Amino acid sequence: QVQLVESGGGLVQPGGSLRLSCAASGSIISINDAGWFRQAPGKQRELVAGITNNGSTYYNDSVNGRFTISRDNAKNTVYLQMNSLKPEDTAVYYCNAVVSSTATPYDHDYWGQGTQVTVSS
């Protein structure tokens, strides 16, 4: 089975930085497109940033210039570097990826369990 495990969340002061990691494990062949989403209390889940299998990136306007998504294909890991954090960035952050694995003949979409990011003084 394939699992996505996020790490790196926590409490940070406004203006601070955090780096989230999303590691895929299991019978992985490759991670194709991947992205980070977030959900704040009482709000819908929204796309934060995405990265394609050839490395093209795209961002929500609210984080453009502050967040950077990247990937390490050798480690089957996707990262989200978050700088200049604001209180409105507070949310549970989820990793999402389309994964090719030996378990099934087709690519599947997977979600991680989420990691809490709290920006507060």
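## Overall picture

Of the 121 residues in the protein, 43% are buried, a figure that, like every other value in this report, is computed from a predicted model. The secondary structure of the protein consists of eleven strands and zero helices, so that, read from the N terminus, its elements follow the order β-β-β-β-β-β-β-β-β-β-β. The radius of gyration of the protein is 14 Å, which is close to the 14 Å that the globule rule gives for 121 residues, and the protein is therefore as compact as a globular protein of that length.

When the box is taken along the principal axes, the C-alpha atoms of the protein fill roughly 45 × 25 × 25 Å. Among the contacts between residues that are at least 6 apart in sequence, 56% join residues that are at least 24 apart.

## Surface and charge

The accessible surface of the protein amounts to about 6300 Å², and 47% of this surface belongs to carbon and sulfur atoms. As for charge, the protein carries 8 positive and 9 negative side chains, and the centres of these two sets lie 6 Å apart.

## The disulfide

The structure holds one disulfide, which joins C22 to C95 with a distance of 2.0 Å from S to S. This pair links distant parts of the chain, since C22 belongs to strand 3 (residues 18-25) and C95 belongs to strand 9 (residues 91-101), with the two positions 73 residues apart in the sense that they are 73 residues apart.

Both cysteines, C22 and C95, are buried. The torsion about the S-S bond of C22 and C95 is about -80°, and the disulfide is left-handed because of this value.

## Around strand 11

Two residues towards the end of the numbering, G114 and Q116, can be looked at together. G114 is found in the loop between strand 10 (108-111) and strand 11 (115-119), whereas Q116 lies in strand 11 itself. With a relative accessibility of 17%, G114 falls under the 20% limit and therefore counts as buried, while Q116, at 38% relative accessibility, counts as partly exposed.

Leaving out residues up to four places away in sequence, G114 touches E6, V92, Y93 and Y94. With neighbours within four places in sequence set aside, Q116 is in contact with G9, G10, T90, A91 and V92, so V92 appears in the contact lists of both G114 and Q116. Q116 and G9 are 107 residues apart along the chain, and yet their C-alpha atoms are separated by 5.4 Å. For G114 and K43, which are 71 residues apart in sequence, the distance in space is 15 Å from C-alpha to C-alpha.

## Strand 7 and the loop that follows

S70 is found in strand 7 (residues 67-72), and at 29% relative accessibility S70 counts as partly exposed. Leaving aside its neighbours within four places in sequence, S70 is in contact with I51, T77, V78 and Y79. By contrast with these contacts, S70 and V12 are 21 Å apart in space, computed along no path but simply C-alpha to C-alpha, and 58 residues apart in sequence.The loop between strand 7 and strand 8 (77-82) is the place of N76, a residue that is buried, with a relative accessible area of 18%.

## Two positive phi angles

Which residues other than glycine have a positive phi near or about 50°? N76 is one of them, with a phi near 50°, and S84 is another, with a positive phi of about 50° although S84 is not a glycine.

Both residues are in loops, N76 in the loop between strand 7 and strand 8, and S84 in the loop between strand 8 and strand 9. Their accessibility can be set side by side: N76 is buried, with a relative accessible area of 18%, whereas S84 is partly exposed, with a relative accessible area of 42%.

Notes:
Residues are numbered from 1 along each chain as its sequence is written. This is a predicted model: local features need pLDDT of at least 70, side-chain atom pairs count only at pLDDT 80 or more; totals for chains, interfaces and linings use all residues. Side-chain values use heavy atoms; hydrogens and water are left out. A disulfide is a pair of cysteine sulfur atoms within 2.5 Å. Helices (H or I, at least four residues) and strands (E, at least two) are DSSP runs, numbered from the N terminus. Buried means under 20% relative accessible area, exposed over 50%, partly exposed in between (1.4 Å probe, protein chains only). The radius of gyration is taken over C-alpha atoms; the globule rule is 2.2 Å times the number of residues to the power 0.38. Contact means heavy atoms within 4.5 Å. Accessible areas come from the Shrake-Rupley method with a 1.4 Å probe; for residues, only the protein chains shown count as cover. Lys and Arg count as positive and Asp and Glu as negative; His and the chain ends are not counted. The place of a charge is taken as NZ of Lys, CZ of Arg, CG of Asp or CD of Glu.
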